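Q: I would like a close look at one part of this model, followed by a careful account of the surroundings in which that part sits.

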Amino acid sequence: MRRVRTGASFDVLVVGSGASGLAAAVSAGRAGARVGLATKTTLQACNSAKAQGGIQAAFGEDDSPAMHAEDVMRSSHDTASPRLVDVLTSEAPTAIHWLEELGVEFTRSNGGYRLARCGGASRKRLLQVGDRTGHAITKALRENYEAGSGAELPHHALSELRATEHGWTATFQTKDDDSVEIEAGAIVLAAGGRCYAEAETRGELSTNHPNATGEVTRIAMKAGAEARDLDALQYHPNGGAWPATMQGYSIPETTRAFGAVLVNADGEEFTGSLGPRDAVSQAIFEEVEKGKGILTPDGRPAVWLDTTRIAPEDAEISLPYMLRRYRGVGIDPLAEPMYTYPVLHYQNGGLVIDEHAETTLEGVFACGEIAGGTHGRNRMMGNSLLECTVFGRRAGRTAAERARA
Ligand SMILES: Cc1cc2nc3c(=O)[nH]c(=O)nc-3n(C[C@H](O)[C@H](O)[C@H](O)COP(=O)(O)OP(=O)(O)OC[C@H]3O[C@@H](n4cnc5c(N)ncnc54)[C@H](O)[C@@H]3O)c2cc1C
């Protein structure tokens with residue numbers, strides 16, 4: 001592993017070290033490209049590593065990629081791009097096998113994957129690594145990248161992109177406040193979404209990492225890239241609302257997959273707990289507006305997530321991290337319900353891409369949360385880590401080919 005201080009050139013320069021950037025960097029390296037991986041702070045800092053619930057792929061005997069695609073289109077209210085959805089769902093099983101080859105060990109039961117049904121899904125399709133799926137995926141990808149010959153550029157924040165005769169020049173601000181220019185045959189933008197910054201502006205809570213600030217989307221648009229659905233931001237229905245140390249924590253949606261239900265102040269279930277995210281969040285907002293919500297001890301609006309209905313053996317296998325976090329602050333989710341309220345979570349829209357993850361700018365690729373179209377205006381849980389893997393791989397591979405052409 002080489003570290004780069006200044007003025008280097010690469011075949012493929014990846015910006016962002018979440019699951020999508022790491023997948024792109026590993027796949028470009030495997031395609032024979034000289035790769036640089038630049039990221040705003042450390043390689044570990046990203047939203048991807050915080051992902052708990054899981055990753056979708058149609059492995060069930062009663063399931064198929066076509067059914068997965070139908071669920072995505074329905075959850076998106078037919079706003080997703082059918083071409084991108086077809087790529088996402090048909091490549092999902094091979095993407096899972098690729099992650100396994102890189103060292104990810106998905107939780108198994110009865111000789112197969114342990115599959116859960118997530119919000120908006122018609123079948124059980126969610127694979128998990130306990131409830132630290134994102135951590136397991138990013139760790140495996142990062143270790144594979146670090147074992148190769150690619151270069152690392154930590155503390156390089158992208159600030160400008162310019163087309164050149166042979167590719168692109170990227171300008172970065174480093175930790176020491178230097179401005180560094182790097183040349184590349186092709187660029188992969190994998191800098192994630194903007195919900196941390198957006199929540200700060202709105203004075204709301206967010207599940208996101210502080211690096212989720214969205215400037216790379218603006219930089220790409222300034223260079224001429226097109227974007228779509230940027231106004232469509234997603235609330236996670238189950239933000240932690242109490243205790244204070246858990247505010248903004250995303251209670252995994254798998255709690256509901258394993259039997260937890262949403263109830264109001266009168267103890268009544270007021271919504272189908274396995275609906276699409278936008279519908280469940282909206283139902284919570286409306287219940288609180290009707291006066292049927294509860295208040296947290298510090299006066300925030302909330303409803304109950306009754307997690308006492310989860311079978312202890314399911315919780316031990318699929319929710320151990322969540323149990324540890326809550327028990328660590330004195331609440332046992334298997335013995336008492338949890339305070340919950342929607343929190344800003346995900347940028348549904350983003351840069352327009354084609355099936356190879358190329359943006360409308362030749363030689364500039366985008367994958368992961370920074371890209372738009374795959375989820376339309378409403379993403380299903382478990383499809384973001386999948387998008388990072390499927391389109392990250394495609395972006396890396398095609399960028400490597402493009403840089404050599
Ligand atoms: C708490 C939580 C739980 C989640 N659970 C799930 C789940 O169970 N299943 C699922 O599918 N999805 C889940 N998601 C969503 C999913 O994890 C993310 O959408 C996805 O991982 C985003 O990956 P990414 O590679 O696009 O971006 P990120 O992982 O956010 O990485 C972006 C990278 O870009 C870097 N960066 C940002 N700006 C710049 C810049 N100017 N210059 C250089 N680098 C920059 C960042 O530092 C970071 O390294 C969850 C998200 C959160 C926050």
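In which loop does Asn110 lie, and what can be said about its backbone and its surroundings before you move on to the rest of the chain?

A: The model is a predicted one, and what follows should be read in that light. Asn110 lies in the loop between strand E5 (108-109) and strand E6 (112-113). Its phi is near 50°, a positive value in a residue other than glycine. Most residues other than glycine have a negative phi, and most peptide bonds are trans. As to its surroundings, Asn110 has 6 other C-beta atoms within 10 Å, and because a residue with 12 or fewer such neighbours is classed as exposed, Asn110 is exposed.

Ala357 invites a comparison, for this residue also has a positive phi, of about 70°, although it is not a glycine. Ala357 is placed in the loop between strand E18 (residues 350-352) and strand E19 (364-366). The burial of Ala357 is another matter: it has 32 C-beta neighbours inside 10 Å, and since 20 or more are enough for the buried class, Ala357 counts as buried. A further backbone feature is the peptide bond from Trp242 to Pro243, which is cis, with omega near 0°, and Pro243 itself belongs to the loop between strand E13 (233-240) and helix H8 (254-257).

From Ala357 one can step back to E18, which takes part in an open sheet of three strands with the order E12-E18-E20 and mixed pairing. The edges of this sheet are strand E12 (227-228) and strand E20 (371-372), each of which pairs on one side only. E12 and E18 run antiparallel and are joined by two bridges, with Arg228 standing opposite Gly350 in E18.

Another set of paired strands is found around strand E2 (residues 9-15), which is mostly covered, six of its seven residues being buried. E2 pairs in the parallel sense with strand E11 (residues 179-189) over six bridges, and Phe10 stands opposite Ala184 in E11. E2 is also joined by four bridges to E3, again with the two strands running parallel, and here Leu13 stands opposite Gly36 in E3. Between E2 and E3 the chain crosses through H1, and this β-α-β crossover is right-handed.

H1 and E3 return in the packing of helix H5, whose buried residues pack against H1, strand E3 (35-38), strand E4 (55-56), helix H4 (92-101) and H12. Those buried residues of H5 include Thr133, Ala136, Ile137, Ala140, Leu141 and Tyr145. The length of H5 can be checked as well: at 1.5 Å a residue its 15 residues should span 21 Å, and its end C-alpha atoms are 21 Å apart, so the two values agree.

The ligand ties several of these elements together. Of the 45 residues around the ligand, Gly16, Gly18, Gly53, Gly192 and Gly368 come nearest. The elements that give two or more residues to this shell are helix H1 (19-30), helix H5 (133-147), strand E9 (156-163), helix H7 (215-222) and helix H12 (383-404). The largest share, four residues, comes from H12, a helix against which the buried residues of H5 also pack. By class, the shell holds 18 nonpolar, 23 polar and four charged residues.

Methods:
Residues are numbered from 1 along each chain as its sequence is written. This is a predicted model: local features need pLDDT of at least 70, side-chain atom pairs count only at pLDDT 80 or more; totals for chains, interfaces and linings use all residues. A residue is near a molecule or strand if its C-beta atom, placed from the backbone, lies within 6 Å of it. Ala, Val, Leu, Ile, Met, Phe, Trp, Tyr, Cys and Pro count as nonpolar, Asp, Glu, Lys and Arg as charged, and the others, Gly among them, as polar. Two strands pair if DSSP finds at least two bridges between them. The expected span of a helix is 1.5 Å times one less than its number of residues. Two residues are in contact if their C-beta atoms, placed from the backbone, lie within 7 Å. A crossover is right-handed if, with the strands pointing away from the viewer, the path from the first strand over the helix to the second runs clockwise.
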